[in-house]
Amino acid sequence: MIDAEILERHNRQREAAHRRDLEYLAERLARSGIALEVVLDELATFEVALPTWAMAAGGTRFGRFPIPGEPRTIFEKLEDAAVIHQLTRATPRVSPHFPWDVVDDWAALRAHAEALGLGFDAVNSNTFQDQPGQPHSYKLGSLSHADPAVRRQAIAHNLQVVAWGQELGSTALTVWLADGSNYPGQMHLRRSFERVQESLAEIYAALPEGWRMLIEYKPYEPAFYATVIQDWGSALLLAQALGERAQCLVDLGHHLPNTNIELIVARLIGVGKLGGFHFNDAKYGDDDLTAGSIKPYQLFLVFNELVDAAREGVPGFRPAYMIDQSHNVKDPIEALLQTVDHLQRAYARALLVDREALSHYQETGDVLMAERTLRAAFETDVGPLVAEVRRRRGGALDPVLAFRESGYRQQKARERSTPATAQAPGYA
Ligand code: PSV
Ligand code: MN
Ligand code: MN
């Protein structure tokens with residue numbers, strides 16, 4: 001982890017300016033009847049899980065550009081995750097992906113995580129790639145495959161992932177399927193969906209006590225004609241058929257351009273089926289860019305729905321927040337530090353929305369003022385709020401700069417001299 005003295009020095013150097021910025025913001029918020037301390041307390045509850053597959057440089061199908069010092073094992077990924085948590089104090093859990101994460105000794109991994117102050121979030125299964133020695137291929141599908149033997153193999157893998165998740169204290173399984181077809185006629189559209197439902201039902205029935213199944217959807221890629229779980233409607237049908245512990249997972253990049261994602265979020269909340277998020281951002285498709293880097297207003301509007309549901313006390317509302325990004329050209333640790341900051345800013349802005357006024361303008365049909373109420377919150381510079389929450393919890397005022405000042409990456413480049421040979425993430 002990063003030397004506590006380096007972190008202290010970093011904060012000391014910025015403290016005076018930070019205090020002035022915070023005081024100014026507190027005064028501005030007070031004028032609107034918002035108490036700084038209340039917002040800070042709420043903001044401090046925000047936590048988001050880090051994906052193991054985003055800790056090393058990602059790639060595309062055209063190539064991958066490894067960076068010196070990137071982690072080679074899940075143990076090293078946890079080390080890096082601990083640094084992100086140390087600087088942000090908002091990422092206490094890691095979401096593993098199997099079999100990308102190879103674990104021989106579960107007790108050792110548990111101990112390692114505990115020593116670093118980390119826990120585990122949802123475990124992810126992978127039936128979108130064939131593994132060496134695997135008897136059946138997933139080329140034409142996994143849980144939807146026409147051949148029951150392939151389906152059985154895919155079900156068994158998911159059950160295995162759940163068992164591994166139990167070793168780690170996880171309580172959720174995320175299922176994303178690449179199943180689909182590239183050409184009309186290739187796959188029976190109705191039956192393939194029925195087979196997925198049957199396969200998921202077997203996995204669902206075996207879920208341990210207190211576990212949830214999170215069903216992720218995606219419109220296309222790698223299936224370029226028809227994906228079996230292509231949209232929130234399909235995911236919702238499955239979740240409703242399976243039962244209370246099955247919910248939908250919204251990956252922000254898994255929508256066709258211009259889709260109104262906050263509306264989907266509202267619909268899923270409305271029926272108690274919003275299970276969680278994979279945060280990222282996109283310009284065109286499943287681009288896996290830094291959350292909030294392309295459409296910050298959309299991210300704010302998504303958080304606006306989340307805060308609205310939380311304030312209202314919607315029963316059973318407890319979405320799992322996770323990041324799913326591919327860092328092809330940024331240092332992954334820096335990108336994740338930046339991501340957490342962007343997410344916290346979106347959340348902070350959503351907390352500032354004057355909900356009473358908004359509701360009044362909605363009820364009275366005052367379109368302009370309703371929109372202005374949202375924009376007033378969105379346009380507030382919440383940087384000092386987010387920094388203050390980090391500072392109070394022992395994190396860094398400016399995590400990216402603190403990380404650069406620490407020399408952590410350079411040190412790891414010396415220690416981790418053999419390059420990673422593991423599966424390059426980012427292809428899915
Ligand atoms: C698929 O594109 C996805 O979003 C799923 O969450 C996968 O598990 C992840 O990406 C892995 O790259
Ligand atoms: Mn995802
Ligand atoms: Mn994706």
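## A tour outward from strand E11

Begin by selecting E11, helix H8 (residues 261-270) and E12, which together make a right-handed β-α-β unit; right-handed here says that, with the strands pointing away from the viewer, the path from the first strand over the helix to the second runs clockwise. Helices (H or I, at least four residues) and strands (E, at least two) are DSSP runs, numbered from the N terminus. This is a predicted model, in which local features need pLDDT of at least 70 and side-chain atom pairs count only at pLDDT 80 or more, while totals for chains, interfaces and linings use all residues. Residues are numbered from 1 along each chain as its sequence is written, and chains are lettered from A and ligands numbered from 1 in the order in which they are written.

**The sheet around E11**

Keep E11 selected and add strand E12 (residues 274-279), which runs parallel to E11 and is joined to it by 4 bridges; two strands count as paired if DSSP finds at least two bridges between them. Within this pairing, Cys248 has Leu274 in E12 as its bridge partner, and Leu249 has Gly276 of E12. Now add E9, which is likewise parallel to E11 and joined to it by 4 bridges, with Glu216 standing opposite Leu249 in E11.

How buried is E11 itself? Of its 6 residues, 6 are buried, a residue being buried if 20 or more other C-beta atoms lie within 10 Å of its own, exposed if 12 or fewer, and partly exposed in between, with C-beta atoms placed from the backbone.

Widen the selection to the whole open sheet, whose 6 strands follow the order E6-E7-E9-E11-E12-E13 with parallel pairing. Strand E6 (123-124) and strand E13 (320-323) stand at the edges, each with a single partner strand, so one side of each is left without a neighbour in the sheet. Packed on this sheet is H5, which touches E6 and E7 and whose direction makes about 145° with that of E7; such axes are lines fitted to C-alpha atoms, for helices over the stretch in contact, and angles run from 0 to 180 degrees between N-to-C directions.

**Helix H6**

Next select helix H6 (residues 189-205), whose 17 residues reach 25 Å from the first C-alpha to the last, close to the 24 Å expected at 1.5 Å a residue, where the expected span is 1.5 Å times one less than the number of residues. Its buried residues include Phe193, Val196, Leu200 and Ile203. The cover over the buried residues of H6 includes helix H5 (148-168), strand E7 (172-175), strand E9 (212-216), helix H7 (232-242) and strand E11 (246-251).

**A second sheet**

Move to the open sheet of 3 strands in the order E1-E4-E5, again with parallel pairing. Its edge strands are strand E1 (50-51) and strand E5 (119-120), each pairing on one side only. Between E1 and strand E4 (residues 93-95) there are 2 bridges in the parallel sense, and Pro51 stands opposite Ser95 in E4.

**Last stop: Glu334**

Finish at Glu334 in helix H10 (residues 332-351), which counts as partly exposed because it has 18 C-beta neighbours inside 10 Å. Leaving aside residues up to four places away in sequence, Glu334 touches Val400 and Phe403, contact being defined by C-beta atoms, placed from the backbone, that lie within 7 Å.

How values were computed: Contact = placed C-beta atoms within 7 Å.
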